[in-house]
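This report is meant for a reader meeting the structure for the first time. Please keep the sequence and the model in view while reading.

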Amino acid sequence: MRLKYLAHYPEPLQAQVRPLAEAGRLGEALQRRFPQAHDVRTDGALYDYTQSLKSEFMRNAQPLSKVLYDSKLHVVRHALGTHTTVSRVQGQKLKARHEIRVASLFREVPLEWLRMIVVHELAHLKVREHDKAFYALCTHMEPAYHQHEFDLRLYMTHLDLGGQALWTPAAA
Ligand SMILES: [Zn+2]
């Protein structure tokens, strides 16, 4: 079984996951470790959450103009989120507007994973590429960054194999 969301991890690590994935038991394993989702459910709450992380770690970075959940974002394409810098001419100066869009999938996941993705996008305010400096900044803001990304990728694998969303609030 090819595990595309885990493809860049070492084979021995993939080999540990494969039996659970093949048995269709990744979901229950995750749910046991992460019994509940966060409550950052609106764009306003996401903005506040992101600002509070920013003021803790990146006070001097450029201000954010917008932070929102985006249902059209393709989750994996850019490390699970996206960050855009829109340049606009304002008078004589070129000012950059920084916008963070988080895939809607993150509305219904454990707080650890939302934190990981917001940290990722905040790090892009300072470092554009996914290089060593970039990940150093991510792990400075969240020491368990890589663990959270791995766990999130387990969840993506679970969904990819046809598993149900785990933390979706019950339909009213
Ligand atoms: Zn990125």
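## Glu28 and its partner

In this predicted model, Glu28 counts as partly exposed, because its relative accessibility is 40%. Its side chain takes part in a salt bridge with Arg25, in which the closest N and O atoms are 3.3 Å apart. Arg25 is likewise described as partly exposed, with a relative accessible area of 40%, a value that lies between the limits of 20% for buried and 50% for exposed.

## Other salt bridges

The structure holds nine salt bridges, and the pair just described is one of them. Another joins Arg18 to Glu11, with the closest N and O atoms 3.0 Å apart. Here the two partners fall into separate classes of accessibility: Arg18 has a relative accessible area of 18% and is therefore buried, whereas Glu11, at 43% relative accessibility, counts as partly exposed.

A further salt bridge is found within helix H6, which spans residues 145-160 and contains both Glu149 and Arg153. These two residues are four positions apart, about one turn of the helix, and their side chains meet with an N to O distance of 2.8 Å. Glu149 is buried, at 11% relative accessibility, and Arg153 is also buried, at 11%. Elsewhere, salt bridges that share partners link Asp70, Glu99 and Arg101 into one network.

## A buried lysine without a salt bridge

What is the nearest side chain of opposite charge to Lys54, and how far away is it? Lys54, which has its place in helix H3 (residues 43-57), is buried yet has no salt bridge, and the nearest side chain of opposite charge is that of Glu56, 13 Å away. Since a salt bridge requires the side-chain nitrogen to be within 4 Å of a carboxyl oxygen, that distance does not qualify.

The side chain of Lys54 does, however, have a polar atom that lies 3.4 Å from the backbone oxygen of Gln62. When residues up to four places away in sequence are left out, Lys54 touches Arg59, Ala61, Gln62, Pro63, Leu64, Leu122 and Leu125, so that Gln62 appears both in this set of contacts and as the residue whose backbone oxygen lies by the lysine side chain.

## An exposed lysine in a loop

Lys72 is found in the loop that runs between strand S1 (64-70) and strand S2 (81-90). Is this residue buried or exposed? Lys72 counts as exposed, because its relative accessibility is 74%, whereas Lys54 is buried.

Lys72 and Arg101 are 29 residues apart along the chain, and their C-alpha atoms are separated by 9.9 Å. Arg101 is also one of the residues in the salt-bridge network with Asp70 and Glu99.

## The chain as a whole

The chain has six helices and three strands, and, read along the sequence, these elements follow the pattern α-α-α-β-β-β-α-α-α. Of its 172 residues, 43% count as buried, and Lys54, Arg18, Glu149 and Arg153 are among the buried residues described above.

Among the contacts in the chain with a separation of 6 or more, 66% are accounted for by residues 24 or more positions apart. The accessible surface of the chain comes to about 9,700 Å², and 50% of that surface belongs to carbon and sulfur atoms.

Key. Residues are numbered from 1 along each chain as its sequence is written. This is a predicted model: local features need pLDDT of at least 70, side-chain atom pairs count only at pLDDT 80 or more; totals for chains, interfaces and linings use all residues. Side-chain values use heavy atoms; hydrogens and water are left out. Buried means under 20% relative accessible area, exposed over 50%, partly exposed in between (1.4 Å probe, protein chains only). Lys and Arg count as positive and Asp and Glu as negative; His and the chain ends are not counted. A polar contact is a pair of N or O atoms within 3.5 Å; within protein, one must be able to donate a hydrogen and the other to accept it, and residues adjacent in sequence count only if both atoms are side-chain atoms. Contact means heavy atoms within 4.5 Å. Accessible areas come from the Shrake-Rupley method with a 1.4 Å probe; for residues, only the protein chains shown count as cover.
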